[in-house]
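Biologist: I would like to go through the helix packing in this entry with you. May we look at the model together?

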Amino acid sequence: MRTGIWQLLPKETRNTASDLSLQLSSATGKTVSRQIVYRRLGHIALYACLPVRCVPLTANHCRLRLTWRTEHALWTTQQWSCVMFSDESRFSLQSDSRRTLIWRASGTRYHEENTIERHRYGGAGWLVWGGIILGSRTDLHVQCVTMTGHIYRDVILEQHVRLFRGAMGAEFLFMDDNAHPHRANIVVECLQSENITRMDWPAYSPDLNSIEHVRDMLDRRIAARQPPPTCLPELRRSFLDEWCNIPEDQIDNLILSMLRRCKTCIASSGRHTPY
């Protein structure tokens, strides 16, 4: 029995216990219940888990990610402390309900066969932007419309980023991703006029951005609120409250993890990392 189950894995890790039960019964001519499948898989340290969802990476993406990480692998804490990490994410009252389970062994969460690559998806809700830097953070910006180059310049850069650049001086670096509004000509011109240096950033690299974990913290805090928000205005107020309640030391630890992230990305040859 143990050998029979193992022969169906890992190439068919997305089969359910019922699927495996039917396949084993067909292959052996004996009735094999799903409960036996669960127990036997547990004996060989395979457990039903949600697959990790990652953005799709091509060979060129991996090469650029690896090059970027190699260039920054020797950065000091002082250098990382001058970087403002930023991101915007869309939140809604509805969560992703696709609960497909896979069978995987402990410690293999981020192995390629245990991940699902997908682009982010939109939906009715709020677009939330924030920035973090060692020892501080921006105010949270929440809007219901799509981000545009004009909004990014007039609100994000002028009302938030520019203040940190003025306080920190020429060592300040601004990290944002390669979304189209971020690369609009009016945004580039604003950065130049305000002497804001933008950090080079490889495409499709949310796992390398410290603020992604802060986004997850915010998401979990919203989900844990009692009672939970039931309408968009309540959801907006929850964002603003929980953003301020995230402990600063947790954010600082994420920024200080950049050296480890660089080493992990290099070790994975530019592919997905467990961050």
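Biologist: Which elements are included in what covers the buried residues of α7?

Modeller: This is a predicted model. In helix α7 (residues 185-193), the buried residues are Val 187, Cys 190 and Leu 191. Their cover includes α6 (149-168), β9 (173-175) and β10 (197-198).

Biologist: Within what arc do the buried residues of α7 fall, seen down its axis?

Modeller: Val 187, Cys 190 and Leu 191 of α7 are buried. They line one face of the helix, because the arc within which they fall, viewed down the axis of α7, is 100 degrees.

Biologist: Which residues are exposed on the other side of α7?

Modeller: Exposed here means over 50% relative accessible area. On the side of α7 other than the buried one, this applies to Asn 185, Gln 192 and Ser 193.

Biologist: Which residue with a positive phi follows α7?

Modeller: The phi in question is near 55 degrees. The residue that follows α7 with this value is Asn 195.

Biologist: How is α8 oriented to α9?

Modeller: The axes of α8 (residues 211-224) and α9 (residues 232-245) come within 9 Å and cross at roughly 125 degrees. Angles of 65 to 115 degrees count as roughly perpendicular and those over 145 as roughly antiparallel, so this crossing belongs to neither class. The orientation of α8 to α9 is therefore oblique.

Biologist: How many nonpolar residues does the contact of α8 with α9 have?

Modeller: From α8, the contact is made by Val 214, Leu 218, Arg 221 and Ile 222. α9 contributes Leu 235, Ser 238, Phe 239, Glu 242, Trp 243 and Asn 245. By class, two residues are polar, two are charged, and the nonpolar ones number six.

Technical notes
Residues are numbered from 1 along each chain as its sequence is written. This is a predicted model: local features need pLDDT of at least 70, side-chain atom pairs count only at pLDDT 80 or more; totals for chains, interfaces and linings use all residues. Side-chain values use heavy atoms; hydrogens and water are left out. Axes are lines fitted to C-alpha atoms, for helices over the stretch in contact, and angles run from 0 to 180 degrees between N-to-C directions. Helices (H or I, at least four residues) and strands (E, at least two) are DSSP runs, numbered from the N terminus. Angles under 35 degrees count as roughly parallel, over 145 as roughly antiparallel, 65 to 115 as roughly perpendicular and the rest as oblique. Contact means heavy atoms within 4.5 Å. Ala, Val, Leu, Ile, Met, Phe, Trp, Tyr, Cys and Pro count as nonpolar, Asp, Glu, Lys and Arg as charged, and the others, Gly among them, as polar. Buried means under 20% relative accessible area, exposed over 50%, partly exposed in between (1.4 Å probe, protein chains only). The arc is that of the directions from the helix axis to the C-beta atoms.
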